[in-house]
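Subject: The structure I promised you

Hi there,

Here is the structure we talked about, ready for you to open and turn around on your screen. Have a look at it first, and then read on.

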Amino acid sequence: MEVATNGIYFIIYVTYIIVTTTCFALSSVLYLTKGIKTPLSNNKSYIKGKNLIATSLLLEGFVHLLMFITIVLGYDYQNMYEFVIPTIFFIQIIVIYAGLQTFLYSKVNVSYRLGVYMSVPIVVIALIHYAIFFIPSLHALVDSDNLTASYDAYLECTTSRVLDALLTAYVVVITSIGVYFLVVSKVRFLSHIRHYHDGEVCSKCTWIHILVWSLIVFYILCCVTILVTTPEFNVTSLWTQFVLSIIITISTLNIQEIYLHLGKAFGNADTNGETQQTEAADNGDDPISVIIDRWVNRSDRPYLAEGLTVNKVAEQMCLNKRLLSQYLNNVLNQNFNTWLNELKVKEVKRIIEEEPSQSFNTIAIRVGFSDAPSMTKIFKSVCGMTPTMYRNSLQKE
């Protein structure tokens, strides 16, 4: 075809040059951008997710470059949508999904095993397709009347069309499932962050919204592009992808600051200092249990301080007050005061056991009660006996 004189193809020609260059440039920007480092966070999860998003943009640029070369060589570029483009697009899905999971779960080690398993049908279908064309004996079984036919003609035979339909359907189905789980992951991520943070940190999560929805639109657009291959639609799709690539890059760069504040929400293993103590959260446990246990087991026994409120305790734990209250009510089945009183009673029992000569007034003051009678009342409500009865029971043993 005469690219330079054939209207729509000339527009496609120029568009591919612009979009290809942009994708390569944007991926380079992401690869070269280093995450913000602080004494408490080296942002490994952000850097890993950022690089995966950069890889997906690099693949996108490679696809456009491939299409551009096809047009320049005078071949029908639309044939690329039969097997080549869907296969590369599927790889993009896996890479992008891994990147987003790294972001949304703040984990460095995202498993690729599932992605490899899901890629097997794509590889099998593509191998069968090309094997039939290049191996004469197989080609004879499928289309014996056209053994010397060109690849373009082979694409029109029934077997090739069936394989193409299977591959396209598989890509569309997997993409749809991926979009669903992506939305679910985003909702859980934002809900989790709101439990731990208020104000500015949550407001910056808007970039997570923009990134996820941009990628979802990108997913859908690629699926439609595989199904609708008219030149006019290709031009529209290319420019839309151009805009989405810029938005995705800007969003990825802007969310890095969020990860300076996420250590206490996820307790991930890529932080240093205090947040390392919540590594158990990566095993599926609720990290709040680890945070609360660490606070309770501090050597200075912070629960014995006077005037404690749920706000003060949540602040000491670096937790959102609502999350702490919900955990106490829903998991421990206690309100804040009951939970705090049980901790104090446990300390009273320890003192009685280890220092039996101490007066109850002294013990009451030490554990944060106003006087001995108030301590006795709480002690009895928790243990079913008074401190005196508890001391006497120990002396009898």
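Below are my notes on what was found in it. Please keep in mind that this is a predicted model.

**The overall picture**

The chain has 397 residues, and 46% of them count as buried. Its secondary structure consists of 18 helices and 0 strands. If you take the contacts between residues at least 6 apart in sequence, 69% of them join residues at least 24 apart. About 19600 Å² of the chain is exposed, with carbon and sulfur atoms supplying 60% of that area.

**A nonpolar patch on the surface**

Next, please turn to the start of the chain. F10, I11, V14, I17 and I18 form a nonpolar surface patch together with W239, and the accessible area of these residues is about 460 Å² together. Which helix gives the patch its largest share? That is helix α1, residues 7-32, which contributes 5 residues. V14 is one of the patch residues, and it sits in helix α1. V14 has a relative accessibility of 31%, so it counts as partly exposed; the cut-off for joining a patch is over 30%.

**Two helices that cross**

Further along the chain, have a look at α13 and α14. Their axes come within 9 Å of each other and cross at roughly 105 degrees. Angles of 65 to 115 degrees count as roughly perpendicular, and α13 and α14 are therefore described that way. On the α13 side, the contact is made by V310, N311, V313, A314 and M317. The α14 side brings K321, L324 and S325.

**Salt bridges**

A search of the whole structure finds 6 salt bridges, and here are some of them. E156 and R161 meet through their side chains, with an N to O distance of 2.3 Å. R161 is partly exposed, at 47% relative accessible area.

Another salt bridge links E347 and R301, whose closest N and O atoms are 3.1 Å apart. E347 belongs to helix α15 and R301 to the loop between α12 and α13, so this pair ties together parts that are 46 residues apart in sequence. Is E347 buried or exposed? E347 is buried, because its relative accessible area is 5% and buried means under 20%. R301, at 29%, is partly exposed.

E354 and R350 form a salt bridge too, with 2.6 Å between the closest N and O atoms. Both lie in helix α15, 4 residues apart, which is about one turn of the helix. E354 is exposed, with a relative accessible area of 53%. Through shared salt-bridge partners, R301, E347, R350 and E354 are joined into one network.

**Two residues with a positive phi**

One last topic is the backbone. Most residues other than glycine have a negative phi. R301, which you have just met in the network, has a positive phi near 45 degrees. Its loop runs between α12 (287-296) and α13 (310-317).

N333 is not a glycine either, and its phi is positive at about 55 degrees. Where does N333 lie? You will find N333 in the loop between α14 (321-330) and α15 (336-354). N333 is exposed, with a relative accessible area of 63%.

Happy browsing, and do write back with any questions.

Best wishes

Conventions
Residues are numbered from 1 along each chain as its sequence is written. This is a predicted model: local features need pLDDT of at least 70, side-chain atom pairs count only at pLDDT 80 or more; totals for chains, interfaces and linings use all residues. Side-chain values use heavy atoms; hydrogens and water are left out. Patches are made of residues with over 30% relative accessible area and no salt bridge: like charges are joined within 9 Å, nonpolar side chains (Val, Leu, Ile, Met, Phe, Trp, Tyr) within 5 Å. Accessible areas come from the Shrake-Rupley method with a 1.4 Å probe; for residues, only the protein chains shown count as cover. A salt bridge is a side-chain nitrogen of Lys or Arg within 4 Å of a carboxyl oxygen of Asp or Glu. Helices (H or I, at least four residues) and strands (E, at least two) are DSSP runs, numbered from the N terminus. Buried means under 20% relative accessible area, exposed over 50%, partly exposed in between (1.4 Å probe, protein chains only). Contact means heavy atoms within 4.5 Å. Axes are lines fitted to C-alpha atoms, for helices over the stretch in contact, and angles run from 0 to 180 degrees between N-to-C directions. Angles under 35 degrees count as roughly parallel, over 145 as roughly antiparallel, 65 to 115 as roughly perpendicular and the rest as oblique.
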